[in-house]
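User: Please go through one helix and a few backbone angles in this structure, question by question.

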Amino acid sequence: MLKCLAALALAAVVAGCEKDDGSADFAAGRAAFESRDLKRAVKSLAAGLERNPGNVDALVLQAQALVALGELPDAAAAIDRAVELAGSDRDVVEVAAQVAFYRKDYARTAALFRQLADSAEPEVRSRGLTGLAIVDIMQLGASGSDLEEVRARARTRLLAAIRLDGRNAAARYHLGKLYRDAFGYNESAIDQFDLFVRLAKGVDDKVKRVQRTTIPELKETIAREAAQRPGADKRDVAASAAALKKAEAAWAKQTFKTAKLRYNDAYVADVLSYPAALGLAKAWEKTDTSKPGQLEALNYYKVACALRPSAKDVHLHTGELALKLGQAAVAVETFSRAVAASPNDVTAIDALIRALQKAGRGKTAAVYQQYRATIPVRKR
């Protein structure tokens with residue numbers, strides 16, 4: 001009995017002498033970080049790192065918490081130590097890139113995100129390409145940068161990131177911002193912001209801002225622009241619908257000139273009627289093959305494209321007509337919109353590349369060509 005008690009006492013002494021590896025502090029730090037108690041997270045992680053300074057996961061988490069607190073020098077010190085210990089670990093690389101970005105060291109940011117973009121894992125590559133695109137976006141206002149080329153590079157990197165990982169919420173968010181701010185594609189921006197909200201993990205301040213401010217403001221902008229179209233304040237939807245019915249009947253009978261007159265009536269009655277604008281464009285194209293007649297058709301096709309940005313096939317047709325009439329710049333814009341509507345359709349990408357080349361914008365065409373090379377031939 002005495003021997004047993006002595007053994008138990010010795011075990012207790014040995015256990016009491018075991019070195020504290022900081023595990024309890026690390027666990028407390030992680031729990032605090034997840035509950036967004038960032039100051040407590042930093043304090044707990046620092047206590048754990050005093051006992052185990054080689055814990056890479058703790059260093060990474062500490063750097064993330066410090067970034068969120070805006071303490072960038074301390075965040076850089078933490079992640080630099082993690083890089084020394086495990087520089088090839090993807091979590092270390094990703095947080096190091098984020099710290100470098102917030103410190104405005106864009107060259108280092110790009111180099112680190114490029115490491116991720118070269119990964120064999122699709123989701124990691126997707127995050128790397130998203131990071132590279134964000135660096136591109138930061139260069140859009142830089143003096144001396146080729147705005148169109150940089151804009152195209154950011155866009156294609158985000159599109160590639162989404163194709164690699166359709167659940168990449170960050171890529172959706174930044175593509176939405178790019179379409180809104182750099183392209184003026186407000187409808188496409190709303191689509192991406194909607195997807196961001198659906199894919200985001202949890203409802204944080206950014207998600208709330210997109211839901212409550214960004215999307216409503218974009219919808220208001222679209223409505224305001226529509227209301228500012230000449231004649232929009234005098235819409236007669238019923239008269240337009242009646243004229244449209246007569247136009248479609250005439251078109252079915254192949255009396256195309258009559259159809260053109262009735263489509264014109266429908267459009268005059270409601271300048272926001274997509275079917276009327278499209279029908280009038282087709283009627284002009286069909287009935288007047290002279291250059292002025294084809295230009296008139298092109299003008300109405302442009303109206304139809306503006307009224308329905310998601311109509312990929314109409315954009316493609318409009319672009320081809322524009323090229324035929326020697327208006328490469330118009331073709332570039334309409335084909336670019338077609339890409340926004342269907343980014344994995346090689347027909348749209350090839351058409352945009354062709355138009356850019358004809359417009360003398362070879363550098364931008366090369367950016368899209370690089371993206372095109374990553375897309376399977378099958379159309380979607």
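What follows is a short set of questions and answers on this structure.

Analyst: This is a predicted model, in which local features need pLDDT of at least 70, side-chain atom pairs count only at pLDDT 80 or more, and totals for chains, interfaces and linings use all residues. Residues are numbered from 1 along each chain as its sequence is written, and side-chain values use heavy atoms, with hydrogens and water left out.

User: How far apart are the end C-alpha atoms of helix α4?

Analyst: Helices are DSSP runs of H or I with at least four residues, numbered from the N terminus. The expected span is 1.5 Å times one less than the number of residues. For the 13 residues of α4 (residues 56–68) that gives 18 Å, which agrees with the end C-alpha distance of 19 Å.

User: Is α4 largely enclosed by the rest of the structure or largely open, and which helices do its buried residues pack against?

Analyst: Buried means under 20% relative accessible area, exposed over 50% and partly exposed in between, with a 1.4 Å probe and protein chains only. Because 10 of the 13 residues of α4 are buried, the helix is largely enclosed by the rest of the structure. Among the buried residues are Leu-59, Leu-61 and Leu-66. With contact meaning heavy atoms within 4.5 Å, the buried residues pack against α2 (23–34), α3 (38–51), α5 (72–86) and α6 (90–102).

User: Which residue caps the N-terminal end of α4?

Analyst: The cap rests on a side-chain oxygen that lies 3.2 Å from the backbone nitrogen of Asp-57. The residue that supplies this oxygen is Asn-55.

User: Are α4 and α6 roughly parallel or roughly antiparallel?

Analyst: The axes, lines fitted to C-alpha atoms over the stretch in contact, have angles from 0 to 180 degrees between N-to-C directions. Those of α4 and α6 come within 10 Å and cross at roughly 25°. Angles under 35 degrees count as roughly parallel, over 145 as roughly antiparallel, 65 to 115 as roughly perpendicular and the rest as oblique, so the pair is roughly parallel.

User: Which residues of α6 do Val-56, Val-60, Ala-63, Gln-64 and Val-67 of α4 meet?

Analyst: These five residues face one set in α6. That set is Asp-91, Val-92, Val-95, Val-99 and Tyr-102.

User: Does Arg-36 count as buried or exposed?

Analyst: Arg-36 sits in the loop between α2 and α3, with a positive phi of about 65° although it is not a glycine. Its relative accessibility is 51%, so Arg-36 counts as exposed.

Notes: Helices (H or I, at least four residues) and strands (E, at least two) are DSSP runs, numbered from the N terminus. A polar contact is a pair of N or O atoms within 3.5 Å; within protein, one must be able to donate a hydrogen and the other to accept it, and residues adjacent in sequence count only if both atoms are side-chain atoms.
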